[in-house]
Amino acid sequence: MRPADSVRFSALFSAVAFDYDGAPARLCWFYDVSKLKQAEQNAMDSEAAARQLREAVETFSDSIILFDKSERVVFTNDQYHTLFPKFPPKNEIIGCTHEHLLRLTLEAGRVDDPSAKSDPEAWLAQTLEDRRSGHAMDGERTHTDGRTMLFRYSSASDGGQIIAYTDVTERKQQEEALRRSEAEFRSVFETNAAGMALLDMQGRYCKVNKRFCEIVGYDEHELLERTWRDITLTEDVARVEDLDRQIAEGGQANFIMERRLIHKNGSTIWTSLDSSQLSDENGDPHKIFSFVQDITELKEAEKRLQDSERALRDRQLFLETVLDHMPVHTSIRDLDGRFLAVNAQYEALFGLKRDQLIGKHYDEVLPPEYAAVAKERDKLVLESRKPIKTERSMLSEEGEQTFISTIFPIFDSSEQMIAIGGANFDITDRKRADERLRSREAYLTEILDSSPIAVSIANADGIFKYANVQAQELAMRDLEDIKRTHASDVYADPEERKAITRALQQDGEVKNQEIQFLRPDGSIRWALASMKTAHQDDETEHIAWFVDINERKRDENRFRALLESAPDSMVIVNAEGMIKQINRQTESLFGYKSVELIGREVERLIPKSYRAQHPAHLRDYFTNASVRPMGSGLELFGVKKDGIEFPIEISLSPIDTEEGMLVSAAIRDISDRRERERALQVAKVQAETALNELHRTQGQLVQSEKLASLGQLTAGIAHEIKNPLNFVNNFSETSVELLAELSEVLTPLQSKMDADTKDDIVDLIEPLSGDLEKIHHHGTRADGIVKSMLQHARGGDMDWADTDVNGLVDEALNLAYHGERARDKSFLCETSSDFDDAAGTALVVPQEITRVLVNLFTNAFYAVKQRAKDAKAAGEDYAARVEATTKDLGDRIEFGVRDNGTGMSDSVKAKLFDPFFTTKPANEGTGLGLSLSFDVVTQQNGGHISVDSEPGSYTEFVIELPRKAAGAGSV
């Protein structure tokens, strides 16, 4: 500007935006290039204009071919030969006739018209006739190679013809892509952070998004009943309408402007409006699409900026200083590469002052390697007339620095390029931060790979971008294979994926959805999936977490199969009394289909007279849930769908599930049983008659059991002990005799021995003699035990005898222990005795009392052996112990047998002495041992037997006998 003489001149203009005191500001430069422009104007002549016209045609994106009036080629541009590479080259095509080129097209097979294939000559004649008509023709043609082109035939002023071809293959592909992205656009429309609205040509709102409603305070229904004029400030309505008219007259398809809107609450809102006209298939405008940004705060900031504009002008020097301290290395060069302007950052970059750079060519001032790069990039900008952006590194005093370098053309108002600008942004810190970010990403990847949960990330098109190790194992694919896999390929059920896709589109997330994975080998894996939609760098991603529940689903299937295989009707109910699941037997028993029962109250299976009380019973059961029969002692009835009532028996079992406790009811129709019970009543008399016969048979069976039990026991012990015991006794006696003979042999020789040798011989012979005597003593004692067992097995004469009480108990303990060891060589147990020395003797039948004690000790050893097995399975420490006791009670004596075995419950103790009752397996006991012992103690000896026990802890039997039974001597 030259305010003194107001003369217009050409200038090079540059501007930099920055933030000053929290407000946006702009700094501008102007360079006078008037003389340069005048020289260019004077140099322009007609020859240059023609050359420029030809060059312009060469740069057209359309393919151009020009025929003279004799239908011969006089000109083609380069784009024509790029589009039709099989035609004659540019230097040979000049002079070719139109007909010749059409024949080449036919020979190349590029004509898709059926008539050209059926009758080429007729097609050729018709085509030439159409093009000679002199009328402009437009059309679209798809070649056999798949390319789609638009063509236009028009007449030239000299009688020739101009044909222009436009390759629209890529545009067609883009249109197809646009149609595919229509759904994505609808999603973006609804979720966009900017207000969006679609209006008809009369200004009525057709569609608005949520953000636009938030900006103006109206809901969507209210806006669809209004036009843009209804919510626009009156002062801006005329301005917008005037702009609409200008656009309509000038054919402009879009505009950007600021407009004030009236909020529903009456306040004024400044908005930035970016509107575009949408055309119908005929090219006529029929809709207006607008982006609306709330810039109220920005306008307020602009107002503050305007208020401070005077102060900013007064601080011009300060702003220049700010520019020089901006972290951008800025320079401007003319088209020949000479510096027009630089800032302080650029000076510091190369260590040169401003006056050393301005007016100098970069070859003169920059290092050769940087000058060559600058020259190459300026050349690219001059040729393309577009900005280019590159990343480059250079060494400085601070080390290696990395820059984003942007080289951009500068145009005047007539679109003439007048200079080239460059801006270098130092991204060294960002590069280092990127490196740290990559390191962090590697760390996060390691964390995800160590997670027990499978994690994957897919883009909006369903292509996987990432999967951790667990996801790879779940899908049986490596990471590269997964990245080549579409989400639809891993779902076993396509409908399942569609449902999940809909949920993600509607809600943005999916929680705890059971899905089936299809693996490459054809196997199916169940997983519990949660998914969430996320937005990263304007890209939509789907993040998914998977937990492998294949085992759980397998268990569920087993449970369903088990439920269906149950012979009884099975009904599973929750705490609210709602039926959750039934089996086929339930449908058959009650006459309902599963859909008629599942989700309904269980009371519909109960007769009406019982329904009122049932909810209370159900609550009581859930409070104290256990496996038990329902309504013990009561008659229960069910009701079929047809109303028929029938007697039933119900067993209840609690089931712990993820959704809480459920109760499983096994229901059995006992109508047949009731009939059988009535029949049993008739047979009762016959059973009672047979019972007497059974009692007589029982006596014989008892005696047989005695003989069989004792015979088996003594046979085992005799087999295991008798023979080796004989060897022990015999060899111990022989060894004593040999030792005596050895002493006699050594006596004469002792006079020749020294004192130490004599002492050594004495020290060896005397202990050895003592040990042999002990061996012989205990062997004799063991032999006595074996003889007692044999006598016990044979039964003897069953005479009453005055018997040593402590010896009797000790003998029975050893007899039972060795018998158990004979049956199970791995059995070990600690035995102990606490005998009362005052116990003395008692008049008993020794064989009978021995049988009683052996039976009690045998049962004790069985109990501790069972508990040892349980402890070993549970990994617990356990030492088996059995203790025998005697006690003097005056005219009575007491025997005690105590073990720390499995113990027994009260119900078992109540039936312990019943004939044939046993807790042992069928092949290990008959249930007669304790019954016979009870008879011997109470009936034969007039004594008493009792038992005390605690499950899992101990069992103790106590026998009291008179020193002389009332019937002693009568046997």
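## Close-up views of the predicted model

**View 1. Strands β32 and β33 form a hairpin with three residues between them.** Within the turn of this hairpin, G890 has a positive phi of about 80°. The model shown here and in the views that follow is a predicted one. Strand β32 covers residues 881-888 and runs antiparallel to β33, to which it is joined by seven bridges. One place to look for this pairing is K887, which stands opposite E894 in β33. Strand β33, made up of residues 892-899, is mostly covered, since six of its eight residues are buried.

**View 2. Strand β33 also pairs with strand β35, again in the antiparallel sense.** Eight bridges connect β33 with β35, the strand formed by residues 954-962. In this pairing G896 has V958 of β35 as its bridge partner. The view can be extended to F895, which, once neighbours within four places in sequence are left aside, is in contact with F957, V958, I959 and L961, and also with V805, V809, L853, T885 and T886.

**View 3. The largest nonpolar core of the chain contains 39 residues.** The members that touch the most other members of this core are C829, L853, F857, F861, F895, I959 and L961. At least two residues of the core are supplied by each of the helices α31 (805-823), α32 (846-874) and α34 (929-940), and likewise by each of the strands β31 (841-844), β32, β33 and β35. Helix α32 provides the largest share, namely nine residues. C829 counts as buried because its relative accessibility is 12%, which falls under the limit of 20%.

**View 4. K865, a residue of helix α32, is shown with the residues that it touches.** The relative accessible area of K865 is 17%, and because this value is under 20% the residue is classed as buried. When neighbours within four places in sequence are left aside, the contacts of K865 are with E820, D824 and F827.

**View 5. E950 belongs to strand β34, which comprises residues 944-950.** With a relative accessibility of 44%, E950 counts as partly exposed, because this value lies between the limits of 20% and 50%. If residues up to four places away in sequence are not counted, E950 touches T902, G903 and M904. G901 can be included in the same view, for although 49 residues separate E950 and G901 along the chain, their C-alpha atoms are 9.6 Å apart.

**View 6. An open sheet is formed by five strands in the order β9-β8-β12-β11-β10.** The pairing in this sheet is antiparallel. Strands β9 (205-208) and β10 (254-262) stand at the edges, and because each has a single partner strand, one side of each is left without a neighbour in the sheet. From one strand to the next, the twist averages 30°. Strand β8, residues 195-200, is joined to β9 by three bridges, and the two run antiparallel. In this pairing L198 stands opposite K207 of β9. Helix α13 (residues 296-307) packs on the sheet, where it touches β10, β11 (268-279) and β12 (285-294), and the direction of the helix makes about 120° with that of β11.

**View 7. R584 lies in helix α25, which covers residues 584-590.** Because its relative accessible area of 55% is over 50%, R584 is classed as exposed. The C-alpha atom of R584 is separated by 8.2 Å from that of S594, a residue ten places away along the chain.

**View 8. C213 is a buried cysteine in a chain for which the count of disulfides comes to zero.** The relative accessibility of C213 is 14%, and because this is under 20% the residue counts as buried.

**View 9. The whole chain of 971 residues gives the setting for the close-ups.** The chain has 34 helices and 35 strands, and buried residues make up 35% of its residues. Among contacts between residues at least 6 apart in sequence, 48% join residues that are at least 24 apart. The chain exposes about 58,000 Å², of which carbon and sulfur atoms supply 51%.

Conventions. Residues are numbered from 1 along each chain as its sequence is written. This is a predicted model: local features need pLDDT of at least 70, side-chain atom pairs count only at pLDDT 80 or more; totals for chains, interfaces and linings use all residues. Side-chain values use heavy atoms; hydrogens and water are left out. A disulfide is a pair of cysteine sulfur atoms within 2.5 Å. Buried means under 20% relative accessible area, exposed over 50%, partly exposed in between (1.4 Å probe, protein chains only). Two strands pair if DSSP finds at least two bridges between them. Helices (H or I, at least four residues) and strands (E, at least two) are DSSP runs, numbered from the N terminus. Axes are lines fitted to C-alpha atoms, for helices over the stretch in contact, and angles run from 0 to 180 degrees between N-to-C directions. Contact means heavy atoms within 4.5 Å. A nonpolar core is a set of buried Ala, Val, Leu, Ile, Met, Phe, Trp, Tyr and Cys residues joined through side-chain atoms within 4.5 Å. Accessible areas come from the Shrake-Rupley method with a 1.4 Å probe; for residues, only the protein chains shown count as cover.
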